[in-house]
Amino acid sequence: ETVVGGYEGRIDNQSSSSKYGSVSFALPQSKFNAFRAELESLVGSRFITINISSQNLLSQKVSIEDQQKQADKNLADYKTERQKFISSHNSTVATLQAKIDKANADLVSLRSQTETAGILAQIKTISDDLAYQKKLLDNENTNYKNQLSSFDSNIKYAEEWKKAVETQDKTL
């Protein structure tokens, strides 16, 4: 086990009895000859039976690479969508805030004038519009928080999927 681990291998199976022992393991091919030489120097070749097998893992590797590409694409798409959403929100908030600021300035101006029926009607109209703009801003901010949370969840999921695929690739 120590020798296999020293050559970056892994033990897949092992068994032993009073007469015989068996160990199944996998090693990187580039380290196999050095491992074999060391093992034979420890016990001699007559005490070792070597069965070498190989497996073509290309189809699994291609599948994992496709998953990696898809995970990377999904993550990038989610981040792009999130950024577009933030930009759109900021633009909407700026527009609404500008309308609110203008309405407040108009109210200050109108309230400084002598009250007449026309001025009072304008104040009422602007006050109603101001309340409506504030309600739109509140709705926009509430929607923003909910949607941003959804984007963040999607990004977190995509990052976890990407890590899982990377682990799967490393394991293969």
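## Salt bridges, helix packing and selected residues

With a relative accessibility of 52%, Lys102 counts as exposed (over 50%; under 20% is buried and the range between is partly exposed, with a 1.4 Å probe and protein chains only). The structure is a predicted model, in which local features need pLDDT of at least 70 and side-chain atom pairs count only at pLDDT 80 or more, while totals for chains, interfaces and linings use all residues. Residues are numbered from 1 along each chain as its sequence is written, and side-chain values use heavy atoms, with hydrogens and water left out.

### Salt bridges

Lys102 takes part in a salt bridge with Asp106, where the term denotes a side-chain nitrogen of Lys or Arg within 4 Å of a carboxyl oxygen of Asp or Glu. Under this rule the count is nine. The table sets out three of these pairs, among them the one just named.

| Basic residue | Acidic residue | N to O distance |
|---|---|---|
| Lys102 | Asp106 | 2.9 Å |
| Arg10 | Asp12 | 2.8 Å |
| Lys124 | Asp128 | 3.0 Å |

Lys102 and Asp106 both belong to helix α3, and because they are four residues apart there, about one helical turn separates them. Helices (H or I, at least four residues) and strands (E, at least two) are DSSP runs, numbered from the N terminus. Asp106 is partly exposed, its relative accessible area being 27%.

The spacing of Lys124 and Asp128 can be described in similar terms: they lie four residues apart in helix α4, so about one helical turn lies between them. Asp128, at 40% relative accessibility, is partly exposed. In the pair formed by Arg10 and Asp12, Arg10 is partly exposed with a relative accessible area of 48%, and Asp12 is also partly exposed, with a value of 45%.

### Packing of α3 and α4

Two packed helices are described by the angle between their axes and by the distance between those axes. For α3 (residues 58-111) and α4 (residues 117-171), the angle is about 165° and the axes are 8 Å apart. Axes here are lines fitted to C-alpha atoms over the stretch in contact, and angles run from 0 to 180 degrees between N-to-C directions. The two helices are therefore roughly antiparallel (over 145 degrees; under 35 is roughly parallel, 65 to 115 roughly perpendicular, the rest oblique). Their crossing is left-handed, that is, the near helix is turned anticlockwise from the far one by less than a right angle. The contact of α3 with α4 involves 25 nonpolar, 16 polar and 15 charged residues (charged: Asp, Glu, Lys and Arg; nonpolar: Ala, Val, Leu, Ile, Met, Phe, Trp, Tyr, Cys and Pro; polar: the others, Gly among them).

Asp169 is a residue of helix α4 and is buried, with a relative accessible area of 19%. Apart from neighbours within four places in sequence, Asp169 is in contact (heavy atoms within 4.5 Å) with Lys61, Ile64 and Gln68.

The loop between α3 and α4 contains Gln113. Gln113 is partly exposed, at 37% relative accessibility. Its C-alpha atom lies 11 Å from that of Ile123, and the two residues are ten positions apart in sequence.

### Strand β2 and the loops

Ala26 lies in strand β2 and is partly exposed, with a relative accessible area of 24%. Not counting residues up to four places away in sequence, Ala26 touches Gly9, Arg10 and Asp12. Ala26 thus has among its contacts both members of the Arg10 and Asp12 salt bridge. By contrast, 88 Å separates the C-alpha atoms of Ala26 and Ile119, which are 93 residues apart along the chain.

Leu27 occupies the loop between β2 (21-26) and α2 (29-43). Beyond its neighbours within four places in sequence, Leu27 is in contact with Val4, Tyr7, Gly9, Phe32 and Phe35. The C-alpha atoms of Leu27 and Ser63 are 23 Å apart, and these residues are 36 positions apart along the chain.

Most residues other than glycine have a negative phi. Glu8 is not a glycine, yet its phi is positive, at about 60°. Glu8 is located in the loop between α1 (2-6) and β1 (10-16), and with a relative accessibility of 57% Glu8 counts as exposed.
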